[in-house]
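Reader: I should like to learn how the features of a protein model are read. May we go through some of them in turn?

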Amino acid sequence: MSTTPLAVWLAFGGLIAVLLAIDLFVIGRGERGMSLATATRWSATVVAVALLFGLHLWLTEGLTKAGEYYAGYLIELSLSVDNLFVFLMIFDYFAVPAAAQPRVLHWGILTAIVLRGVMIFAGVLLLDRFEWIILVFGAILVITAVKMLTQSEARIEPEKNPLVRLARRFLPVTPAFKDSQFLVRSHRGWYVTPLLLVLIVVEWSDLVFAIDSIPAVFAVTRDPFIVFSSNVFAILGLRAMFFVLADAMHRFRYLKPGVAIILAFVGVKMLASYWVHLSTGVSLATIVAVLGTAIVASLVRARRERLQTGR
């Protein structure tokens, strides 16, 4: 279990609460979207704060803890960006109006933070009691990596989602969106709008991603504070990052294979942990190298295609 003092947990919670309040109620002004320039500045700010937090860990806890945090943060950030591709596909599938998308992301981020916290502490308890669970986590990551490398583009089929089917079966759903509202009231009573179904699918997809991402961080650290802080910082700026990357996601076509390679690496590391120990430095260097190569290769290919098409 973590030896991090309660005061540190409370201070971190206060920092996250301030950043969330700025993100949801100042930068995005609650229910409205944000301009590309504003989204870019805020995304850069959140990343800068995350990197400075790692520097703080370096100064107070030492190089090892800082390395674990940075490795976990890069893993979670790459997985979170990959998750944005899925969010974009969900919005396209449901034809969600641009003005309504920020509210889905608003509640999605809040719920994700709570959900990740619960899953992280459950994972810590399992690892403390059943050491062999690390092998299960490793197998999950390797299987996920193989699927990401071998399967074609993911298909979004919300109608097959059990929660969506349950909602449609027992709740009256309006045929069209009503601004950015989840519920509307008429003379016949309360109705659910399609936007609530979108939120359900987004939350479901984040749950699926959490099942992969949280075990991945346990490959580099068992400290719940490091796992939680790296997770939270990775998803904190996702709402702004969505608006930054929405028009450019097609350029990062090698990100998914890069993420799959990282998952395979940490999965194999988990499976071999009883016999082989890789230092935090080696793990961090591998993650940086794979992620950097995927991004650079994606940008090079995108530039080459623009030159060929003359656009």
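Author: Let us start with the second largest pocket of this predicted model. Helix α3 gives the most to its lining, with 6 residues.

Reader: How much space lies in the second largest pocket, and which residues are the closest to its centre?

Author: The space in this pocket comes to about 450 Å³. Its lining has 18 residues, and those closest to the centre are V47, L77, V81, M241 and I295. Two or more lining residues come from each of α2 (36-61), α3, α9 (238-245) and α11 (280-309).

Reader: How do the lining residues of the second largest pocket divide into nonpolar, polar and charged?

Author: There are 15 nonpolar residues and 3 polar ones, with no charged residue in the lining.

Reader: Let us turn to the backbone. What is the usual sign of phi?

Author: Most residues other than glycine have a negative phi. A95 is not a glycine, yet it has a positive phi of about 55°. D179, also not a glycine, has a positive phi of about 55°.

Reader: Where are A95 and D179 placed?

Author: A95 belongs to the loop between α3 (63-94) and α4 (101-129). D179 sits in the loop between α6 (162-170) and β1 (183-186).

Reader: Are these residues buried or exposed?

Author: The cut-off for exposed is over 50% relative accessible area. A95 counts as exposed because its relative accessibility is 55%. D179 is likewise exposed, because its value is 66%.

Reader: Which residues form a nonpolar patch on the surface?

Author: The patch is formed by L126, F130, W132, V136, Y274, W275 and V276. Together they have about 740 Å² of accessible area. One of them, V136, lies in helix α5, which covers residues 133-150.

Reader: Why does V136 count as partly exposed?

Author: Partly exposed lies between the limits of under 20% for buried and over 50% for exposed. V136 falls in this class because its relative accessibility is 36%.

Reader: Where is S273 found, and why is it partly exposed?

Author: S273 is in the loop between α10 (255-271) and α11. Its relative accessible area is 35%, and therefore S273 is partly exposed.

Reader: What separates the C-alpha atoms of S273 and A219?

Author: Here one reads two separations, one along the chain and one in space. S273 and A219 are 54 residues apart along the chain, while their C-alpha atoms are separated by 8.8 Å.

Technical notes: Residues numbered from 1 in each chain as written. Predicted model: local features only at pLDDT ≥ 70, side-chain atom pairs only at ≥ 80, totals over all residues. Heavy atoms only, no water. Patch = residues over 30% accessible without salt bridge, like charges linked within 9 Å, V, L, I, M, F, W, Y side chains within 5 Å. Areas by Shrake-Rupley, 256 points an atom, 1.4 Å probe, with all protein chains shown as cover. Salt bridge = Lys/Arg side-chain N within 4 Å of Asp/Glu carboxyl O. Helix = DSSP H or I, 4+ residues; strand = E, 2+ residues; numbered from the N terminus. Buried < 20%, exposed > 50% of the residue type's maximum accessible area, 1.4 Å probe, protein only. 1 Å grid on protein atoms, 1.4 Å probe; cavity = no way out; pocket = protein on both sides within 12 Å on 5 of 7 lines; lining within 4 Å. Points joined across faces, edges and corners; volume = space filled by probe spheres on them. Nonpolar A, V, L, I, M, F, W, Y, C, P; charged D, E, K, R; others polar.
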